[in-house]
Amino acid sequence: QVQPVESGGGLVQAGGSLRLSCAASGSIFSIGAMGWYRQAPGKQRELVASITSGGSTDYSDSVKGRFTISRDNAKNTVFLQMNSLKPEDTAVYYCNGVALTTAGVIDFGSWGQGTQVTVSS
């Protein structure tokens, strides 16, 4: 099983920046398409950014132009650079995706603990 480990969250003022990291742990050869998700209190989890194995990216309208997703394939790690943060970006951020393992290409299968991002006004 592949377990995502998110880090980099914190408390920041509106207009500030944070960089989140997601490392995939487990017996994997490589990661494939990956996504960053967030869940605010009382709301459903939503996909905010995704990146393919080839590096193509996509963003939700709410973060487009402010967030940048990237990846380091050598380290099986995905990043989310968040600039111009707004109070409405406050949420727990999670990553998920697929990985190439000894069992073939599999979904991560579970969510990590996430990393809390709090943006004060």
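What radius of gyration would a compact globule with 121 residues have, and what radius of gyration has the protein chain? For a compact globule of that length the expected figure is near 14 Å, and the protein chain has 14 Å, so the two agree. The structure discussed here is a predicted model.

## Overall dimensions and fold

The C-alpha trace of the protein chain spans about 45 × 25 × 20 Å along its principal axes. Its secondary structure comprises 11 strands and 0 helices. Read from the N terminus, the order of elements is accordingly β-β-β-β-β-β-β-β-β-β-β.

Contacts between residues at least 6 apart in sequence were also examined by their separation along the protein chain. Of these contacts, 57% join residues at least 24 apart.

## Burial, surface and charge

Of the 121 residues in the protein chain, 43% count as buried. The protein chain exposes about 6200 Å², and carbon and sulfur atoms supply 48% of that area.

The protein chain carries 9 positive and 8 negative charges. The mean positions of these two sets of charges are 4 Å apart.

## Aromatic pairs

A search of the whole structure identifies 2 aromatic pairs. One of them joins Tyr37 and Trp111 in an edge-to-face arrangement, with 5.0 Å from centre to centre and 90° between the planes. Tyr37 belongs to strand 4 (residues 28–39), whereas Trp111 is in the loop between strand 10 (104–107) and strand 11 (115–120); the pair therefore ties together parts that are 74 residues apart in sequence. Tyr37 is partly exposed, with a relative accessible area of 23%. Trp111 likewise counts as partly exposed, at 37% relative accessibility.

Trp111 also forms an edge-to-face aromatic pair with Tyr94, at 5.9 Å centre to centre and with 75° between the planes. This pair links distant parts of the chain, since Tyr94 lies in strand 9 (residues 91–101) and Trp111 in the loop between strand 10 and strand 11, 17 residues apart. Tyr94 has a relative accessible area of 11%; because buried means under 20%, Tyr94 is classed as buried.

## The aromatic cluster

Which residues do the ring pairs link into a cluster? The cluster consists of Tyr37, Tyr94 and Trp111. Within this cluster, Tyr37 comes from strand 4, Tyr94 comes from strand 9, and Trp111 comes from the loop between strand 10 and strand 11. Tyr94 is buried, while Tyr37 is partly exposed and Trp111 is partly exposed.

Terms used:
Residues are numbered from 1 along each chain as its sequence is written. This is a predicted model: local features need pLDDT of at least 70, side-chain atom pairs count only at pLDDT 80 or more; totals for chains, interfaces and linings use all residues. Side-chain values use heavy atoms; hydrogens and water are left out. Helices (H or I, at least four residues) and strands (E, at least two) are DSSP runs, numbered from the N terminus. The radius of gyration is taken over C-alpha atoms; the globule rule is 2.2 Å times the number of residues to the power 0.38. Buried means under 20% relative accessible area, exposed over 50%, partly exposed in between (1.4 Å probe, protein chains only). Contact means heavy atoms within 4.5 Å. Accessible areas come from the Shrake-Rupley method with a 1.4 Å probe; for residues, only the protein chains shown count as cover. Lys and Arg count as positive and Asp and Glu as negative; His and the chain ends are not counted. The place of a charge is taken as NZ of Lys, CZ of Arg, CG of Asp or CD of Glu. Rings of Phe, Tyr and Trp (its six-membered ring) pair if their centres lie within 6.5 Å; planes under 30 degrees apart count as stacked, over 60 as edge-to-face and the rest as tilted.
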